[in-house]
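Visitor: I keep hearing words like "buried", "parallel" and "compact", and I'd like to know what backs them up. Could you take me through one example?

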Amino acid sequence: MVPKVFVTRRLPEPAMERLRAADVALDIWPEAGPPPYEVLLQRAAGVHGLLTLLTDRVDAPLLDAIGPQLRVISQMAVGVDNIDLDACTARGIPVGHTPGVLSDAVADLTIGLMIATARRFFEAAADMRAGRWGAWSPMGWVGPDLYGSTVGIVGLGRIGMAVARRLQGFGVTLLYHNRHRRPEAEATLAARYVSLPELLETSDFVSLHCPYTPETHHLIDAQALARMKPTAILINTARGGVVDQDALVDALRTGQIRAAGLDVFTPEPLPPDHPLLQLPNVTALPHIGSASIATRIRMAQMAVDNLLAGLEGRPLPHCANPHVGAS
Ligand code: GLV
């Protein structure tokens, strides 16, 4: 019997071609936005493979609605915090994801966001377009240097490492905090391991690169923000939930920290009238960390690789719950 597959959004064309050529009964959600959860429950019922994006909630009720024939979930993202991994593992369902291929794109965006936030790109550009460019002025639109600053990386995994490598060209003092020490980073990148409080207290830029888990929920809360320097800049290209967003609004409003560069929010999409988007010291982007053309194509291809492997009963090339099936 030909396996049934539901794909929750149209993917980049090279991946679509492979899906169309595969021996599967394909159902692809045709709209630009994600299928509403209620629709997903109905549309995915009876499938053998489900290809998801980070905008789809995958929980136990959905797995039950799909049924016991489900062989694989493949997500086109590295982060899988929208998926109840324990529920998948308990049902023996491997979950694919796309680590590695997006690290460079996200690291590039992170460095861009650091500079854009410190040097006030969007504020200055908005002033220029609105006719507020008077004359060149000695202290007009000034901001701090990334060059020569102290940068603290929270979460030195693949993406954090890619950021750290790029920062070698900026003459920074590099600090990091991670669940485990990374001796190779200390040796090759001169990164110094510090506690989270020390990192917050000493960094000019704090850049978040940890996964979003129950342990990292609101890791940067009011207390953490209070530890940061009043001149410090917070960069978040990880997940919105790592930061207590209400506390961040307060810290930015009161000048407890200087500015924030954010690519991720709670919720997404963030409503345009959200207080964060009214603050001049916020540089905000709509979750485009991995949005380079080549990266998105690679992510989609990897998601198809994982999907097809799961359908055929092979180990997934990139599995987020590798202990699945272990008793
Ligand atoms: C993007 O945020 C991803 O997790 O791939």
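Guide: Sure, here is a chat about the words used for this predicted model and what stands behind them.

Visitor: Let's start with the whole chain. What makes it as compact as a globular protein of that length?

Guide: First, the parts: the chain has twelve helices and twelve strands. Its radius of gyration is 21 Å, and the globule rule gives 20 Å for 327 residues; the two values are close, so the chain counts as compact as a globular protein of that length. Its C-alpha atoms fill a box of roughly 70 × 50 × 35 Å along the principal axes.

Visitor: And how much of the chain is buried?

Guide: Buried residues make up 49% of the 327. As for the outside, the chain exposes about 15400 Å², and carbon and sulfur atoms supply 56% of that.

Visitor: What share of the contacts join residues at least 24 apart?

Guide: Take the contacts between residues at least 6 apart in sequence: 59% of them join residues at least 24 apart.

Visitor: On to the sheets. Why are β2 and β5 said to stand at the edges?

Guide: Look at the strand order, which is β2-β1-β3-β4-β5 in an open sheet with parallel pairing. β2 (25-28) and β5 (95-96) each have a single partner strand, so one side of each is left without a neighbour in the sheet.

Visitor: How do you know that β3 and β4 pair?

Guide: Two strands pair if there are at least two bridges between them. Strand β3 (residues 49-52) and strand β4 (residues 72-75) have four bridges, in the parallel sense, so they pass that test. Within this pair, Leu-51 stands opposite Ser-74 of β4. Helix α12 (residues 293-311) packs on this sheet and touches β1 (4-7), β3, β4 and β5. The direction of α12 makes about 175° with that of β4.

Visitor: What is the strand order in the sheet of seven strands?

Guide: That open sheet runs β8-β7-β6-β9-β10-β11-β12, with parallel pairing. Here β8 (191-193) and β12 (282-284) are the edge strands: each has a single partner, so one side of each has no neighbour in the sheet. From one strand to the next, the twist averages 20°.

Visitor: Which strands are joined to β6 by bridges?

Guide: Five bridges join β6 (residues 150-154) to β7 (residues 173-177), running parallel. Thr-150 stands opposite Thr-173 in β7. Helix α7 (residues 158-167) packs on the sheet by touching β6 and β7, and its direction makes about 165° with that of β6. β6, α7 and β7 make a right-handed β-α-β unit. Four bridges also join β6 to β9 (residues 205-208), again in parallel; there, Val-206 is the bridge partner of Gly-152.

Visitor: Why is β6 called largely enclosed?

Guide: Count its residues: five of the five are buried, so β6 is largely enclosed by the rest of the structure. Thr-150, Gly-152 and Val-154 point one way from β6, while Val-151 and Ile-153 point the other way. That fits a general pattern: in a regular strand, side chains alternate between the two faces of the sheet.

Visitor: Now single residues. Why is Arg-9 put in the class it has, buried or exposed?

Guide: Buried means under 20% relative accessible area. Arg-9 has 14%, so it is buried. Arg-9 lies in the loop between β1 and α1 (13-21). Leaving aside residues up to four places away in sequence, Arg-9 touches several others, including Ile-28, Trp-29, Pro-34 and Leu-53. Its C-alpha is 8.5 Å from that of Leu-51, although the two are 42 residues apart in sequence.

Visitor: And what about Asn-82: buried or exposed?

Guide: Use the same cut-off of 20%: Asn-82 has a relative accessible area of 13%, so it is buried too. Asn-82 sits in the loop between β4 and α4 (85-90). Beyond residues up to four places away in sequence, its contacts include Leu-54, Asp-56, Arg-57 and Gln-75. The C-alpha atoms of Asn-82 and Asp-56 are separated by 6.6 Å, with their places 26 residues apart along the chain counted as the distance apart.

Methods: Residues numbered from 1 in each chain as written. Predicted model: local features only at pLDDT ≥ 70, side-chain atom pairs only at ≥ 80, totals over all residues. Heavy atoms only, no water. Helix = DSSP H or I, 4+ residues; strand = E, 2+ residues; numbered from the N terminus. Contact = heavy atoms within 4.5 Å. Axes fitted to C-alpha atoms, helices over the stretch in contact; angles between N-to-C directions. Buried < 20%, exposed > 50% of the residue type's maximum accessible area, 1.4 Å probe, protein only. Right-handed = clockwise from strand over helix to strand, strands pointing away. Rg over C-alpha atoms; globule rule 2.2 N^0.38 Å. Areas by Shrake-Rupley, 256 points an atom, 1.4 Å probe, with all protein chains shown as cover.
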